[in-house]
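Me: I want to go through this structure and test the labels we put on its parts. Give me the reasons, in short answers.

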Amino acid sequence: MKEESWLYTISSKKKLIDFNFKEVWQYRDLLLLFVKRDVITVYKQTVLGPLWFVIQPLFTTVIFTLVFNTIANIDTGGIPPFLFNLAGVVSWNYFKECLTGTADTFKKNQAIFGKVYFPRVIMPLSVVLSNLIKFGIQLGLFVVFYLYFVYQGSLVRPNIYAIYFPVIILVMGLLGLGTGMIISSMVTKYRDLSFLLTFGVQLLMYISLVTLPYSLFKDNGFAWAVDYNPMAYVIEFSRYLLLGEGTTSVFGVVYTLVFTVVVFLLGILIFNKTEKSFIDTI
Amino acid sequence: MQKDIILKVENISKQYRLGTIGTGTISHDMNRWWHKIRGKEDPYLKIGETNDRSTTGNSEYAWAIKDISFEVERGEVLGIIGKNGAGKSTLLKILSKVTGPTTGEIKTKGRIASLLEVGTGFHPEMTGKENIFLNGAILGMTKAEINAKLEEIIDFSGCQRYIDTPVKRYSSGMKVRLAFAVAAFLEPDILIVDEVLAVGDAEFQKKAIGKMQEISKGDGRTVLFVSHNMATIKSLTSKCILLQNGYVKRIGDTASIVEEYTTIGEGELSTFKVKRENKKKGLQIKNVSFINSNNKDCKSLVSGQEIKVKIEVENYDKEVYKKCSIGIGVFNLDNSMLTAFKSDSINKYYDISHGVSFFYCELNKIPFTAGIYNYNINITSFAEVYDSIKEAGNIIVESGDFYNSGKLPAASHQIILVNQKWR
């Protein structure tokens, strides 16, 4: 009898690395529909609608500028504080939304995951993609203010390395996705994590140089918190590329890239392991 | 001829942990991990027990299904039946890849899609049309496939007028209609159909079941059909799997499996639940059972089924009780009387002598629609009552094709079924 060819096998044995790109590609329409859903339904039945995409970072930036720069008098070098904060907030937001959006993947979608099968990774991917659209809009906002400040005669100049900006976007996306997938997998068993996440993200923001410049950390013994934080490099790079101001180093580039790749691969690994059995534990 | 096996299920088992998962999980996890790195078997896999809901087990792990194996040929319509908790849903969940098996393997040559749940992933803020696309994609269709069938889907749902309105404004019935319509137009190689999802009003239910039958019968599609409805199972499938407490009780042709299905039953609903105090005198009804045409004891009956009611009576006295009549009154659960089978109504009287004797009441066709009924039973002789038991037991009736018309009498419209002719 000839060896029978099976289309696929459902087995109790788990392969360590079992990522089915072909299957994800088959479900690409679903991915796009989820992205569409996420984008068009967020601000339904609000008066301002999609305007909220730009109002949110704008308000955050105004508040940060008031609190940290006007009141606390933190020096942002030669860059106008508003622009300094806006660059940080827009970049940080993308990472944060990717992280928090994917971190509750299993918990949020347990109803649908419990009933139908599709590659689970579609969900976090759709979060990252729809946030990318949001990020694009917010970047547009940044460009508007950027041009305004240049017109006003500020000493901000774009850097030739700005062409590398897409790489930074990719790094932020992968980092958020990877971390989010790891956390979402662990949340299925230990719900405590989802509470900790809120605080963790807040803390991470402060040591990621979103509002506070690196100079503040230099001399007070907390420099290590920034030195080993890949997001600090990411934010700092993006500011350097966009505003021509900020510290960069080869170590930072390599460290961030390696860190991102490791976290992303680890995320995929854990996520794949979890997706097979989480429905019984969640 | 070599069989064309499209789906092969080999020793599938699924273990669940009972109770809440809370304290102790980390220690169990550590223990598991410790066994794993030493290359030993998972220590918690061994202690699972059969999944009998009504008996308390010792271990906190239980097997929802255990060692299930079967094969499905291409184009076959296979019925899966079993009482609540037999493991049907778990099996379907594993087949549709929602959850993984604890042990075992499933091999398939085709795409499996399930009509398990409808309306998953509907987003209330999106319009009916947008949700058709989203829901269709979730179920595994591509955008092009949905586009090609969009007209049909909308038409089948009967929601044309609201198709550009957000789903949150829909009535619950409309949501179900729309959701079912999407699912009904799936075209996978292997389709899993769970009849529970035939919901909505009577008109739509009919439409939905009709569609399911059409899917199951049409163009040689492989279908796994799950239902509690013996008549539908009989009319659609030729082969069945009977599950009981997580095990495969039997695989075979539908007729014999359905027969067997009616003989397994639940503990709390029994055909005769009376414990007599042992007075040891006079006439006493000792037991009542329902015997099918194969002389097997039935725990539940099917509308239209041929049945014998077997009544065991013991006479403790030396004297012969003469001209006795046995009567069975059947009641609704709200205690309204439906009908009675009485031997004296057809002028049948018994003389009952000392010892145990058996009496049979033969019914050509069970005349009740699906439901649970109570019955009283008594032995009388004219004005004198020798023995009388109120609420002697339950009669569980499953829906069946009473009129041999291929249709099921709806329990919501009638209780008693009467053979009739129309001219």
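Me: What makes β11-β10-β13-β17 of chain B an open sheet, and which strands stand at the edges?
Reply: The model is predicted. In it, these four strands of chain B follow that order with antiparallel pairing. β11 (297–298) and β17 (355–363) of chain B each have a single partner strand, so one side of each has no neighbour in the sheet. Those two are therefore the edges.

Me: How do you know that β10 and β13 of chain B are paired?
Reply: Pairing takes at least two bridges. Strand β10 (residues 283–291) of chain B and strand β13 (residues 307–315) of chain B are joined by eight. They run antiparallel. At one position, B:Leu283 is opposite B:Asn315 in β13(B).

Me: What makes the sheet with β1(A) a sheet of both chains?
Reply: Its order is β1(A)-β4(B)-β1(B)-β2(B), four strands with antiparallel pairing. The edge strands are β1 of chain A and β2 (61–73) of chain B, each paired on one side only. From one strand to the next, the twist averages 15°.

Me: How do you know that β1(A) pairs with β4 of chain B?
Reply: Two bridges would be enough. β1(A) and strand β4 (residues 103–108) of chain B have four, in the antiparallel sense. A:Ile10 has B:Ile106 as its bridge partner in β4(B).

Me: How many bridges join β1 of chain B to β4(B), and what packs on this sheet?
Reply: Strand β1 (residues 5–17) of chain B pairs with β4(B) over five bridges, again antiparallel. There, B:Glu10 stands opposite B:Glu105 in β4(B). Helix α2 (residues 88–95) of chain B packs on the sheet. This helix touches β1 of chain A and β1, β2 and β4 of chain B, and its direction makes about 65° with that of β2(B).

Me: Which parts of chain A make up the side that touches chain B?
Reply: In total, 26 residues of chain A contact 34 residues of chain B. β1 (8–11), α2 (28–41), α6 (110–113) and α14 (278–281) of chain A each supply at least two residues of that side. α2(A) gives the most, five residues. By type, the side of chain A has twelve nonpolar, seven polar and seven charged residues.

Me: Which residues have the most contacts inside the largest nonpolar core?
Reply: They are A:Leu30, A:Ile122, B:Ile80, B:Val182, B:Phe225 and B:Leu301, in a core of 155 residues. Helix α4 (residues 81–103) of chain A brings the largest share, twelve residues. Beyond its neighbours within four places in sequence, A:Leu30 contacts A:Phe118, A:Ile122, B:Ala137 and B:Ile138.

Me: Why is A:Val128 called buried?
Reply: The cut-off is 20 or more other C-beta atoms within 10 Å. A:Val128 has 22, so A:Val128 is buried. A:Val128 lies in helix α7 (residues 122–151) of chain A. Leaving out residues up to four places away in sequence, A:Val128 touches A:Cys98, A:Gly173, A:Gly176 and A:Leu177.

Me: How do you know that the span of α13 of chain A is close to the expected one?
Reply: Helix α13 (residues 250–275) of chain A has 26 residues. At 1.5 Å a residue, 38 Å is expected. From first C-alpha to last, α13 reaches 37 Å, which is close. Its buried residues include A:Thr256, A:Thr260, A:Phe264 and A:Gly267.

Key:
Residues are numbered from 1 along each chain as its sequence is written. Chains are lettered from A and ligands numbered from 1 in the order in which they are written. This is a predicted model: local features need pLDDT of at least 70, side-chain atom pairs count only at pLDDT 80 or more; totals for chains, interfaces and linings use all residues. Two residues are in contact if their C-beta atoms, placed from the backbone, lie within 7 Å. Ala, Val, Leu, Ile, Met, Phe, Trp, Tyr, Cys and Pro count as nonpolar, Asp, Glu, Lys and Arg as charged, and the others, Gly among them, as polar. A nonpolar core is a set of buried Ala, Val, Leu, Ile, Met, Phe, Trp, Tyr and Cys residues joined through C-beta atoms within 7 Å. A residue is buried if 20 or more other C-beta atoms lie within 10 Å of its own, exposed if 12 or fewer, and partly exposed in between; C-beta atoms are placed from the backbone. The expected span of a helix is 1.5 Å times one less than its number of residues. Axes are lines fitted to C-alpha atoms, for helices over the stretch in contact, and angles run from 0 to 180 degrees between N-to-C directions.
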